[in-house]
Amino acid sequence: SYENIVNVITVFLLYLLALNGSAFIIFLGIQPWIVFVSFAIMVLAIAVVYFEAHSIVFPKNFFLAVLITLLAQEFFWVLNILPVSFPVIAIIFTTILYFIVSIFRFYILRQLNRIIWKRYIMLTFFVLIITIFTARWN
């Protein structure tokens, strides 16, 4: 369905955004504040489109998109301090942000229950454990 396609595209875009943002800082030497400002604008746009696709109307989706943008900025800042390669940073960032966005979506749609919490916590935990234990730490 349309929502599933939007979910896949959102995960892919968040991964590429975090990957390129980290690479710009590491390899091109671009000032981090420039990357963070452009990163925030793009995450805000992705979040608004994501919530619009899931039928969450404007006042609610904009507030959630701003909240998710602030959380994404904080996670991106912290993850860029870790001594790992930028693809690992992107995988960790995408996993955490997908968890947060999905939980917010189910909460706003009033579909959040214990089964959904367990499913997303287990998925996030599984992906993070595999990523952390297989990553090369510099």
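These questions and answers walk through the helix packing of a predicted model.

Trainee: Which helix gives the most residues to the largest nonpolar core?
Mentor: This core has 38 residues. Helix 1, helix 2, helix 3, helix 4 and helix 5 each give two or more residues to the core. The one that gives the most, with 14 residues, is helix 4.

Trainee: Which residues touch the most other members of that core?
Mentor: Look among the 38 residues of the core. The residues touching the most other members are Phe39, Phe51, Ile68, Phe76, Phe93, Leu97 and Tyr120.

Trainee: How are helix 4 and helix 5 oriented to each other?
Mentor: Start with the axes. They come within 10 Å and cross at roughly 175 degrees. Angles over 145 degrees count as roughly antiparallel. So helix 4 and helix 5 are roughly antiparallel.

Trainee: What is the class make-up of the contact of helix 4 with helix 5?
Mentor: Residues of helix 4 in this contact include Val88, Ile91 and Phe106. From helix 5 come Ile116, Trp117 and Ile132, among others. By class, the residues divide into 15 nonpolar, 4 polar and 1 charged.

Trainee: Is Thr124 buried or exposed?
Mentor: Thr124 is found in helix 5. Its relative accessibility is 11%. The cut-off for buried is under 20%. Thr124 therefore counts as buried.

Trainee: Which residues does Thr124 touch, not counting those up to four places away in sequence?
Mentor: Thr124 is among the helix 5 residues that meet helix 4. Once residues up to four places away are set aside, Thr124 touches Thr95 and Phe99.

Trainee: And which residues is Tyr120 in contact with, leaving aside neighbours within four places in sequence?
Mentor: Tyr120 also lies in helix 5 and takes part in the meeting with helix 4. Beyond its sequence neighbours, Tyr120 is in contact with Tyr98, Phe99, Ser102, Ile103, Arg105 and Phe106.

Trainee: How are helix 2 and helix 3 oriented to each other?
Mentor: Their axes come within 8 Å and cross at roughly 140 degrees. Roughly antiparallel needs an angle over 145 degrees, and roughly perpendicular runs from 65 to 115. Helix 2 and helix 3 are therefore oblique.

Trainee: What is the handedness of the crossing where helix 2 passes helix 3?
Mentor: Take the same pair of axes, crossing at roughly 140 degrees. The crossing of helix 2 and helix 3 is right-handed.

Trainee: How many nonpolar residues does the contact of helix 2 with helix 3 have?
Mentor: Helix 2 brings Val35, Phe39 and Phe51, among others. They meet helix 3 residues including Phe58, Ile68 and Phe76. Alongside 3 polar and 1 charged, the number of nonpolar residues is 18.

Notes:
Residues numbered from 1 in each chain as written. Predicted model: local features only at pLDDT ≥ 70, side-chain atom pairs only at ≥ 80, totals over all residues. Heavy atoms only, no water. Core = buried A, V, L, I, M, F, W, Y, C linked by side-chain atoms within 4.5 Å. Buried < 20%, exposed > 50% of the residue type's maximum accessible area, 1.4 Å probe, protein only. Helix = DSSP H or I, 4+ residues; strand = E, 2+ residues; numbered from the N terminus. Contact = heavy atoms within 4.5 Å. Axes fitted to C-alpha atoms, helices over the stretch in contact; angles between N-to-C directions. Parallel < 35°, antiparallel > 145°, perpendicular 65-115°, else oblique. Nonpolar A, V, L, I, M, F, W, Y, C, P; charged D, E, K, R; others polar. Left-handed = near helix turned anticlockwise from the far one by under 90°.
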